Structure formats: structure tokens, C-alpha cells
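Q: I would like a careful, close look at a single part of this model, with some attention to how far the prediction can be trusted.

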Amino acid sequence: MGKFIKKSDSLLHVGKTASGLNEISANCSNPLEILCQSNVTCGYMLHVFSTEGGATLFSGSSSLSAALYSFKKAIDKKDISNVKIVTSSRGRGLFQVYQELLFTSAYNFEYSIMFDNLSCECCPPGQRTDSSAQAADAKRELGTFLQHLPALKGDIAILRSSLISDCFGHGFSTRTGGISYIRTLSSLNLFCNPRRKDSRAVVAENLRRLGLQAGFHPQQLNLIKCNHASDVWVMGKPAPDSYDGMVTNQVGVVIAAPGADCMPLLFTDPVAKVIGVAHAGWKGTLMGIAMATVNAMVSEFGSRPADIVCVIGPSVGPCCFTLEQDSAREFHAIHPDCVRHIDSSRPCVDIRLATRILLARGGIKPEHIEDIRIPHQSESTLCTSCHPELFFSHVRDGLNFGTQIGFVWIK
């Protein structure tokens with residue numbers, strides 16, 4: 001793993017220019033990579049150097065948002081997570097704002113103060129040093145920059161169900177049309193996990209683009225706080241720390257469930273005008289999250305199970321999902337058809353079929369339960385692991401996986 005490090009104290013009094021840093025890098029025997037920031041007539045100049053072949057990995061002079069975004073892409077390409085920033089006291093505060101916006105805790109930052117003896121005549125002392133104003137300026141500049149980036153992997157595509165009444169807005173996102181560039185997160189990743197390398201700002205821009213396409217404002221979106229259990233939040237009541245189901249009868253409020261092999265479930269009641277969403281992995285399925293969401297709609301808002309429609313979003317299929325024997329047998333107890341090769345060491349499990357069976361037993365009409373499909377295609381179900389061009393998948397991509405969502409609101 002590469003690291004941006006200070007090789008000697010000489011960097012404290014040279015290296016104020018690109019040529020100075022190049023001279024130091026050329027004379028070091030060990031790999032050296034350094035990020036240098038300086039204020040040039042209220043602009044910013046960034047340089048990243050390496051002694052590996054004396055190459056300049058990155059050199060940019062632009063807005064700080066554009067330069068740092070390009071810098072992040074450069075270090076992500078080389079799988080570098082440890083960064084040392086050589087800057088001024090004043091610049092450190094600004095960099096830390098961008099660090100919060102553009103990076104996650106998957107990166108380790110260290111700061112070294114070097115440029116306090118430099119001055120910028122066009123920036124009077126104290127100008128825009130207020131931290132809240134500085135943060136607002138940075139967020140606005142970065143947001144504007146990200147909005148102008150081209151979409152990757154095509155346009156945004158939203159899957160919808162004909163079972164859901166027109167009095168509701170709804171959809172399931174796919175992975176195309178966003179700006180996330182890391183391979184397993186590309187391109188419309190809609191969840192920022194601090195252990196992964198897609199930042200809050202990038203995910204926010206992806207959500208903004210999805211909202212424009214789907215017809216909602218991202219500030220209206222409420223995403224489930226998953227715990228792979230069966231807790232349901234009734235909006236309007238105090239929210240638990242985590243929950244895998246959410247229900248409401250509030251008009252215009254968008255509720256959403258994530259998925260990347262786990263099922264995002266959408267529930268609508270066109271009679272009582274009530275909606276619900278659930279995140280259902282294999283653990284949540286066994287714990288009854290689907291019917292817990294239905295029961296909340298019934299007890300809190302007067303829905304009748306016979307009126308409720310449930311659409312099951314893209315998830316991993318039995319073709320690609322296996323469990324240990326003990327867990328697989330719990331699905332076998334729901335119905336033998338939920339498990340394939342029950343006598344193997346890791347049987348294949350159909351979490352979607354198990355969900356359909358549990359919902360039907362709970363009073364949802366079988367004709368009101370649907371697996372989402374791609375329009376004009378005959379394939380009955382969509383396995384997230386089998387469709388890398390369309391969906392993110394934990395099973396397929398490992399721990400650094402992206403996330404799609406299912407969302408619904410009352411118009």
C-alpha cells in the first residue's frame with residue numbers, strides 16, 4: 001500500500017514549487033509520494049510525485065473541488081488509502097472540510113504544516129475563515145462540480161410494477177447512470193458506507209440524479225437503517241436506532257429500502273392510502289420482517305391484508321445463494337421448495353419464494369405479490385449476482401459492494 005510521507009526535514013524548507021518537490025523525489029531511494037497544496041491567486045495547485053521512475057502521478061491547477069476529485073481518482077486507481085497532506089494552517093481547515101465531503105474513513109489522512117510563510121495579497125487575513133461559512137462554500141462548490149460530471153455506464157433505468165396503483169410513485173433503481181467510478185460501486189451507488197470508498201457527496205449526487213428521473217426531491221427520501229432484523233418504524237413515532245421496515249400514510253414522503261442481494265420490498269395499500277418498505281435478507285426473512293411491515297400497516301393505519309400489494313425487488317436468486325445446513329433447514333421448514341440440494345454442505349436457498357409463502361400465509365393475496373421484472377423480457381426473476389450490468393451484488397463483488405434501492409411515496 002502506498003503512503004504519502006515526509007521523507008526528510010528538507011521538505012519543510014524546499015518543495016514550495018513543483019520543481020522543488022521533483023528534485024527531492026528524484027534524489028530519494030525509496031518510493032515517495034507527496035501531495036502539495038498552495039494558494040495561487042486564490043486558486044489551488046496540487047502535485048503528487050513518486051520516485052518510481054521519477055513520475056508525476058498527478059498535477060492539477062483548478063478549483064479545489066475539481067483538483068481533489070481528480071486526486072482521489074488517481075489514488076483510488078493505485079489503491080492508496082494513506083495520505084499525507086502538506087499545506088498551511090489555513091489550508092488544513094479547508095482540506096478537512098473536503099476530506100469529510102469527498103472521502104470516507106477508509107482513508108487515513110495526516111497533515112503537515114509547511115506553507116505558513118507564504119502570503120496571498122488578494123486574500124486579506126481572516127477572509128472566509130469562519131468554519132461554517134467555509135464548509136458551506138465547499139459543499140456548494142463540490143456539489144456544482146459533481147452535477148456537471150457525465151453519467152457512467154449509460155442512463156438511469158428505473159424498474160416499475162404494473163401492480164402498484166398510479167396514486168403512488170415508486171421504483172427500483174439499477175446500477176447505471178450515476179457518477180461512482182470505483183468498479184464494484186459503479187455507477188449509481190446509493191449508499192455511503194464509511195468502510196468503502198464512495199463518499200457522501202458522490203452518493204448524494206447519485207440520489208439527486210435518481211430523484212430527477214423518478215420525480216422526487218432527495219431531501220424527501222428516508223432510507224431504512226438496516227440491522228438485518230424485524231423492527232419496523234412507524235413514521236411520526238420516535239425512530240429506533242435501527243430498523244428494517246418503515247410504514248407511513250404521509251403524502252409526499254419518500255420511503256426506501258436498500259438492497260444488494262437482500263430484497264427491497266415495497267408495500268402499497270390503495271384503499272387506506274398507506275405505504276411500507278422493508279429490507280429483507282435471509283436473516284430478516286426468517287425473523288419475519290415482511291409480515292412485521294404488513295402488521296404495522298394494519299395496526300397503525302387500518303390497512304387490510306387483502307388490500308395490500310407487495311412487490312419484491314431485485315435480489316440474489318437460488319442459483320447463486322447458499323447457506324450453512326442449519327440455516328438452510330429453517331427455510332426448508334417454511335417450504336421444501338425454498339431449498340435446493342438440502343443434503344449438500346451448503347444448500348441453495350430461495351429467499352424470494354420464502355417471502356411469497358410467508359406473505360400469503362399472512363393474508364396477502366398471491367396475485368398481489370410480484371417479483372419485479374425487466375419490461376418485455378420473459379425471465380421470471382432477476383438475480384443480482386447473475387446480472388453485473390444491471391445490479392450490485394455482495395455475493396458477487398465482496399465487501400466493497402454498491403447498493404440499489406426500492407422506493408415509494410403517496411402522490
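How many contacts beyond four places in sequence does the model have for residues 120-124? After that, please describe strand β13 closely, with its partners and the core around it.

A: This is a predicted model, in which local features need pLDDT of at least 70 and side-chain atom pairs count only at pLDDT 80 or more, while totals for chains, interfaces and linings use all residues. Residues are numbered from 1 along each chain as its sequence is written, and side-chain values use heavy atoms, with hydrogens and water left out.

For residues 120-124 the model has eight contacts beyond four places in sequence, a contact being heavy atoms within 4.5 Å. Over that stretch pLDDT (the predictor's confidence in each residue, from 0 to 100) stays under 50. Residues 50-54 also stay under 50, and for them the model has 10 such contacts. Where pLDDT is low, the predicted coordinates should not be read in detail. Across the chain, pLDDT averages 85, and 81% of the residues score at least 70.

Turning to the strand, β13 covers residues 274-280, and seven of its seven residues are buried, that is, under 20% relative accessible area with a 1.4 Å probe and protein chains only, where exposed is over 50% and partly exposed lies in between. Strands here are DSSP runs of E with at least two residues, and helices are runs of H or I with at least four, numbered from the N terminus. V274, G276, A278 and A280 point one way from β13, whereas I275, V277 and H279 point the other way, and all are buried.

Two strands pair if DSSP finds at least two bridges between them, and β13 has such a link to β10 (residues 245-248), antiparallel over four bridges, in which T248 is partnered by I275. Strand β12 (residues 263-269) also runs antiparallel to β13, through seven bridges, with L265 partnered by A278. β12 and β13 form a hairpin with four residues between them, and K273 in the turn has a positive phi of about 55°.

L265 appears again among the residues with the most contacts inside the largest nonpolar core, together with F267, F331 and L359; this core has 34 residues. A nonpolar core is a set of buried Ala, Val, Leu, Ile, Met, Phe, Trp, Tyr and Cys residues joined through side-chain atoms within 4.5 Å. β13 supplies at least two residues of this core, as do β12, α7 (289-301), β14 (309-312), α8 (325-334) and α9 (351-361), and α7 gives the most, with six residues.
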